[in-house]
Amino acid sequence: MKTKLNGILTLFLALVVQFAIAQTVTGKVTDATGEAVLGATVLVKGSSNATTTDFDGNYSINATSGQVLVYSFAGYTPQEITVGNNNVINVVMEESLDVVIVTAYGTTTKPKLQSAISTVSSEDLQNVPIASFEQILQGRAPGLLINSGSGQPGTAAKVRIRGTVSINGANDPLYIVDGVQIDGGAFASLNANDFENVSILKDAQATALYGSRGAAGVIVITTKRGKLNSPTRFSYSPQFGFSEVSDLKIDMLDATGYLELGRILGNNNFTDEQIAAEVAANGMDWSEPFYRTGTTLTQNMSMSGGSEKTSFFASVGYYEQEGVILTSDLQRFTTRLNLDHQANDNLKIGLGTTIGFSKRNFVPQEGAVNLRNPAIYAYLGNPLQRLRDDNGNLLTGTGNNAANYYELLTTGIQRQEEVKMQIQGNLAYELNDNWGIDYRLGLDFEDDFSQGGSAPDSFIGGTETPGGAGFYREDTNRDLFLTSTASLRYGKTFNEKHTVTGSIGTEYVKNFFRSQGFTGYGLEPSLFGFAGAITAGTPDNELIPATRGGNLITGLFSVFGTATYDYEGKYGAQVSLRNDKSSRFTEANNSATFYAVSGRWNINREDFMKDVNWVDNLKLRASYGSAGNERSIGQTQGIQQLGTGTSYSGTRPLFQGGIANESLTWESTNQLNVGLDFDLFDSRLGGSIDVYNKKTEDLFINFTLPAYFGDTSVQVNGGNLVNKGVELALQYDLVRPDSSNPDGFSMTLNGNIAYNKNEITDLGDQVNQFEQGTSIIRVGEAIGSHYIVEWAGVNPSNGEPLYRDLDGNITNVYSASNNKTGFGQSEPLYTGGFGFDMSYKGFTFSNLWVFSKDFSRFNNQTFFVENPNFYGFNQSTEMLQIWQNPGDITDIQGAAFEREFSSKDIEDASFLRLRNVTLAYNFNENVINKIGFIEGIRIYAQGVNLLTFTEWTGFDPEDNNNIAQFEYPTPRQYTFGIDVNF
C-alpha cells in the first residue's frame, strides 16, 4: 500500500513539474483587416517578462500554463489570454475607440474628442522618398491642402488648412514638435521616420489654446518614444531608387520643325534639303544636357526599449537625393534621442534631442521667367545651337543663351547648408490623485549658410557688373525659438458620473533672429568660392561690396486655461481661453484674448441606442471660437523706420523708410464647426463629417500713400474674408480575414474630400479694390481671382487677335482697362485623396491618389513657347498651326501681331495624381527562424508621382502660386527598400 502511495505521489509531482515548466508560446498578432501589428507588446501579467511582435506580427515568449499573456498596442483594445496546453496563440486585435489623440497641450480619446482634428500615423510617414516632410501629408487628411511648388530636392511646399485666412499676412500653419514651436520652412533637416503621429488641428476648439498663432491651423508632431518593460529592439531600413522627369505636356519643336516654323515666319527660305543639312550639322535636343536620371539613397537605423522605469528611442538617418536637373542635389544627416524616466510614483521626466544637418546644391532662380533659370533652357534652348564644338569646347558667347547658362549651372555656385537642432525637456509631477504640474522647456535652433556666384572666367562671369569678373555672395541666418510652458492641471470624477478636468498655464516664446551677408565683385579665379576672391573696393574701381544684415528679437507671453466636463461619457463640454501679449504690436495694442467653446453628444451611449447593434460610435460635436494671426504683421510695422540712399560723394544719405501705424491690431478668425463622427457595423465603416464657417476680420490692407511720405504704402486694419466648407473622411473594411486565418485576404478602402469656398466680404473704408499680381482683391471675389482681358480668338480673315471689352463686345484693341474677373481662381474648391490597402499572406499592396478640382492658373509657359516674338528661342509644336492665310481657323494669331497676356493663358489646372504605390512582402516565420537573430524582414518597391491626369498643358498643374513660370519639374520616383528588425 505504501509503495502504491509513493508511486501515485511521484506521478502527481511529475505532472506538477511538467505543467510548471515554462513553455515557448508563439503566435501572430494582426488587426481586424489581417494586417500584421508590428511592435505590439506581449507581457506575462505580473512580471517583467515581455516581448514585441516583429514585422510579420509574430512573437515568441516563455510562459507557463495558467499564466496570463497581455497583448497591447497603441490604438487597440488590450487583450488578456490565459496560457493553456496550446503553445500557439494567434490574436486579432480590435481597434479601440479610446485611441489617444494628441491635441493642443494634451491628449484625449476618440469618444471624448470634440474638436475637428485629423491624424496621420507613422505607417503613412515611413520610408517615403521625399525630403520635405509636409509633402508626405498630401491627400492624407480632409481640409489639408498641400501643393509642391517645385520638384527640387528639399524645397518646402505650400500648406493650407481650411483655406487662405489672410490677404497680406501669413497663411502657413503653426508647427509644433513635441510641444516646441519650430520654423515651418525647415523640414528638409528633419527625418519623418522619427515621427509617431501628426495631428492636424482645424477648428476653433482645437486651435484656440494657441491663441494668436492658431488662425491658419496647427500641425502638431509627436516623435517616437520607447516603452517601459519592453526589450531592446533594433531596426535598419536602407532604400535605393531613382528619379526621372515626368511626362511634361509641352511638346517642343525639334530642329527640323524649328526651321519649318522659321520658313513660315519668313526668317529663312530654306528648301527641305537645306533644312535636312542644317539639322544634321547643328541639331540639338536641349533637354539632354540639362536633365538626368537622379538617384535616391536612404539609410535609417533605430533602437528602442525600456526597463521598469526608463524608456528610450534613438535613431540615426541619412538621406541623399540627386535632382533631375543637372547639379541639383540634397544630403541630410539626422540623429535623435528621446529618454523618459519614471523617477518615482509622482515624478516623470523626459528629454528629447535631435540634430539635423543638410546641404544642397540648388538650381538658381527656378520658377522665374528669367534667363538665369536653367529650367527654361531645356525647352527654350535654340535647337540649332550646339552645346560644344567638335573639340568638346563649350560654345558660349553672345546669343548662345542655353550654352551660357549650362556653363553657369556647371561652373557657378549655388549651395546651402543648414544645421537644425531641437532640445526639449519636460516633467510631470503628481501632487495627489487630482492635481498635477507639467513643465516643458524647449528650443528650436537653425543656422543657414548659403553661397552663390558666377565664375570670373565664365562667359556670364565676364558680363557681371561691376567688374566683369564674376560675383560671389555669402549669407548666414541664425534663428532660435525658445519655448517655456508651465501648467497646473486638475481632474476628478464625482459620483462615478461627473468628470471635471482643467488646466491653467503660462507660456513664453522668444525668437532671436540674426542675418548677415555680402556680395563682392572682381573675383580672382583661383580663389572662387571663398571671400578672399573678392577685389577690395575703392571709389576708383567701383567694386564696393554690397553688405546686408539684421538683428531682431520678438517675444510672446501668454496665459491660458481650459476646462472640460463629461457626464457618463454621453455629454461633454469644453471651454478654452488664452491671452497673448506680443512684441510685434505697440504697447497700446499688444494684448488680445482668444477663446473657444465646444460640446459633444455621444449618441450611441444613450439608452435608446442599446439595441442598435450596428452602431459602435455615433457622436455629434460643435464648436465656436476665435484665434489670431500674429505672424501676419511685419516684425517692425509699429516702428518708424529709416533707409539709406545711393552713395553720393562718399556719403549715403538717410531718408524716411517704412511708415509706422501704431494703431494696428490683430487679424482674428472666428470659426463655427459642426461635426459628426461614426463607426458602424462592428467598426467596419468609420468616418467623420464636418461643416464650418470661418471668418477673418481686421485684415491687414496696404493703403497707398502720396510720394511725399517717403514710402509707398502703410498697413491698416480694413478687411474681412470668409472660408466656408465641408469635409468628409471615410474608411471601409471591404474584406476582413477570418480570425482563424489571419493571413487571409483583406482589403480596406479609404478616402477623404473637402470643399472650401473663399470670399472677400469687406475691404473697409480705405480701398475699394486692388490688384495683387495677376489677381484682383475685390469684395465678392475669392482670393486668387484671375483678373485679365478676355480672349475672343483669332480673326480668320487677317490673323489678328480678338478680345472682349467689359460689355462683352469683340474688339481688336488690347487694353488693361478691360481687365475683368470670371475666369476662376487659383485656389481649388475641392481637394482630397483616396486609395486602398490589400494584404494576402505575406504580401501587402497600398496606393494613394490625390486630387484638386475646380481651380485655374495662368500658364505663363505657353505665353513664351507660343509667341513668334521669341523665335530666337525654341517654340511649341502648336506654333506650326499659326495663322498664315485668310480663312485659316486657328487659335495662334498671325506673326505680324503682338502676343498679349490674356485669358487665353488661363487653363483649368484640376488634376488627379497617383501619388504613391507600395508593394511589399513580409518573410514568413520559417525563413526568419532559419536566420536566427532576425525577428522580421520586409522588402518593398515603391513608386511616387507615377501618373497625372489633367487638362493642364504646362509642366505641372500642382504649384504653390497662380502662375506657371518654368518651375523645376516634379519627378517620378521609383525606390526599393528593405526593413530589418532584430
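Start with the whole protein chain shown as a surface: it exposes about 42,300 Å², and carbon and sulfur atoms supply 54% of that. Keep in mind as you go that this is a predicted model.

Now switch to a C-alpha trace and line the view up with the principal axes. The C-alpha atoms fill a box of roughly 125 × 70 × 60 Å. The radius of gyration is 32 Å, which agrees with the value near 30 Å for a compact globule because the chain has 982 residues.

Next, try cartoon view. You'll be looking at nine helices and 50 strands. Turn on contacts between residues at least 6 apart in sequence, and 69% of them turn out to join residues at least 24 apart.

Colour the charged side chains next. There are 69 positive and 107 negative ones, and the centres of the two sets sit 8 Å apart.

Time to go inside. Of the 982 residues, 52% are buried. Select Phe290, Tyr291, Ile325, Tyr379 and Phe966: these have the most contacts inside the largest nonpolar core, a set of 38 residues. Then highlight helix H6 (374–380), helix H7 (401–411) and helix H8 (860–865), the elements that each give two or more residues to this core.

Zoom in on Ile325. What is Ile325 in contact with, leaving aside its neighbours within four places in sequence? Pick out Phe290, Tyr291, Arg292, Val363, Ala375, Leu409, Tyr968 and Pro969, and you have the list.

For the last stop, select Ile146, Tyr175, Ala192 and Val944. They're among the 24 residues of a second, separate core.

Methods. Residues numbered from 1 in each chain as written. Predicted model: local features only at pLDDT ≥ 70, side-chain atom pairs only at ≥ 80, totals over all residues. Heavy atoms only, no water. Core = buried A, V, L, I, M, F, W, Y, C linked by side-chain atoms within 4.5 Å. Buried < 20%, exposed > 50% of the residue type's maximum accessible area, 1.4 Å probe, protein only. Helix = DSSP H or I, 4+ residues; strand = E, 2+ residues; numbered from the N terminus. Contact = heavy atoms within 4.5 Å. Rg over C-alpha atoms; globule rule 2.2 N^0.38 Å. Areas by Shrake-Rupley, 256 points an atom, 1.4 Å probe, with all protein chains shown as cover. Lys, Arg positive; Asp, Glu negative; His and termini not counted. Charge placed at Lys NZ, Arg CZ, Asp CG, Glu CD.
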